[in-house]
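Hi there,

Here is the structure I promised to pass on. Have a look first, and my notes follow below.

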Amino acid sequence: MELSKKNVLIVDDMDAIRKISSDQLKRFGIGHVYQAENGAKALKILQNYHIDLIISDWNMPVMTGIELLCEVRQTPKWQHLPFLMITAEAARERVSAAISKGVTDLVIKPFTTATLQQRVLQCLQGQISNKVSSITAKELVDNPLDSLQQDEHPQDISTTNKIKKSSVLVVDDTTENLTLIGGLLKDDYQVKLAKNGQKAIEIAQSDNPPDLILLDIMMPEMDGFEVLKRLREHPQSTHTPVIFVTALTEDKYQVQGLDGGAVDFISKPIQPELLRLRVRNLMAYVLMHKNLQSDFDNMVATEKLKQEVQQVLQHDLKGPIAGLMALIEQIKHDPHISKSNHENADIAEDMSFQLLNMINMSSELYKIETGRFNLQPKPFSIINLLQKMIAVLKKTFQVKHLLIYLDCEENGDEDYQVMGDESLSYSMLFNLLKNACEAAPNKTRVSISLSRSEDEDNAAPMLRISIQNLGVVDKEIRDTFWQKYTSAGKDNGTGIGTYSAKLLAEAQRGKVSLSVDDENNTTNISVFLPH
């Protein structure tokens with residue numbers, strides 16, 4: 001991979017962070033680095049230039065990083081573009097949200113130059129840094145217990161932390177203070193010392209930065225407030241915890257320090273036990289924050305593994321179903337088969353087709369929900385599709401003695417062609433028709449009618465499929481009829497059918513609507529698809 005030919009887009013609202021990150025990437029060998037201060041400006045750059053990787057901060061004005069991620073994944077030409085999210089947020093639900101929207105990788109602040117380089121290279125190579133990905137999806141499906149037994153005795157975190165001590169940088173212009181504080185902490189931590197602000201900044205922004213900084217305020221050339229300001233302007237030290245150790249105890253100095261990003265104050269002369277307790281308590285938070293990166297890596301890896309398992313299962317299920325459909329086709333062509341068995345074979349074939357569609361749907365719905373679905377519309381006959389469903393539904397609901405019929409003009413099938421995805425349309429319409437048949441009272445009718453109309457928004461020609469049945473939708477769920485998990489009147493209803501139908505229609509540039517006539521006791525569902 002030639003890094004000199006790669007274009008990277010950095011999105012961050014802090015100018016200093018963008019500049020430093022850009023310089024780091026160029027030192028890695030990246031050919032060109034574009035910069036944007038928010039998601040909206042990043043979209044303009046994406047529209048005008050070829051980008052190989054997006055590195056985005058989470059919290060930004062105008063358009064946040066997660067909003068930018070959603071826009072990128074919803075745009076077909078960018079939906080596979082690697083997206084590296086940088087965040088100081090530690091809430092698992094926010095990380096889960098980024099994963100569900102299709103983030104490639106997440107890095108928790110603060111991070112080192114080496115970490116950034118590693119993650120950038122992995123994203124450009126299509127990899128994710130984690131320990132779970134060493135188990136392949138195929139291994140997990142074939143030998144689930146064997147694949148997981150290697151983690152039966154996970155390494156204790158506390159043991160790991162003892163192997164490599166946490167590090168503390170002590171910054172003071174007085175040798176006696178450096179000796180005193182270093183001596184108090186050296187048994188529990190790796191202690192680094194700096195006698196001036198410039199040396200402290202160099203250590204804090206090196207490839208081996210400290211986990212915590214104890215910083216004096218009164219120092220020559222560069223005081224502690226200026227050191228803190230410089231630390232907060234660099235991506236490697238912007239979130240490194242800083243405790244001021246100072247003889248300045250007035251409130252105004254504490255306010256100035258806390259406002260600049262310090263997390264605590266320790267007064268001189270130093271009380272040894274108090275110093276150890278403050279450092280220990282804050283270091284516990286630092287270690288927890290460090291472990292979060294590993295947790296989030298595993299969350300990303302688990303989602304990737306889940307998708308791989310799903311793909312393997314789909315692939316393994318499609319084979320037997322395809323074989324079943326081929327067998328049914330042979331039975332249909334048997335010259336000795338009776339008429340009733342031929343009809344049953346037709347229905348079995350359609351149900352196999354439906355099952356195949358359901359397998360495909362499990363992945364397509366996920367793509368639609370996360371903005372990663374790419375529609376490739378083709379013309380198909382909506383009449384043929386509906387007639388297949390009616391044949392299946394008549395058999396399924398024959399105990400209810402329903403009259404299920406299609407009402408359309410017999411003037412050529414070309415008038416009832418739609419542009420869309422036939423597989424998605426089958427699942428969408430079958431769900432709606434099945435719901436109508438379940439809701440209709442015994443010995444009543446379920447009618448399907450076709451008509452042409454125009455989309456009110458863009459005057460595009462549309463085909464309207466109307467499904468009507470006797471009985472009305474409960475008043476309490478009419479406003480939420482198309483929402484997820486809305487269900488009434490069915491003991492085992494999931495509330496997914498109408499929600500998925502709405503998603504599938506919109507994914508094909510169509511729409512759905514509900515109309516209830518209480519006076520005539522009818523419910524009408526309309527589906528609009530491009531004609």
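**Notes on Thr444 and two aspartates**

The backbone oxygen of Pro441 sits 2.5 Å from a polar atom of the Thr444 side chain; a polar contact here is a pair of N or O atoms within 3.5 Å, where within protein one must be able to donate a hydrogen and the other to accept it, and residues adjacent in sequence count only if both atoms are side-chain atoms. Please bear in mind that this is a predicted model, in which local features need pLDDT of at least 70 and side-chain atom pairs count only at pLDDT 80 or more, while totals for chains, interfaces and linings use all residues. Residues are numbered from 1 along each chain as its sequence is written, and side-chain values use heavy atoms, with hydrogens and water left out.

Thr444 is buried, at 13% relative accessible area (buried means under 20%, exposed over 50%, partly exposed in between, with a 1.4 Å probe and protein chains only). Beyond its neighbours within four places in sequence, Thr444 is in contact (heavy atoms within 4.5 Å) with His401, Leu402, Leu403 and Leu470.

Now to the aspartates. An unreviewed UniProt entry gives "modified residue: 4-aspartylphosphate" at Asp57 and Asp216; such annotations may be inferred rather than shown by experiment.

Asp57 is buried, with a relative accessible area of 8%. Leaving aside neighbours within four places in sequence, its contacts include Asp12, Asp13 and Lys109.

Asp216 is buried too, at 4% relative accessibility. With neighbours within four places again set aside, Asp216 has contacts including Asp172, Asp173 and Lys268.

Best wishes
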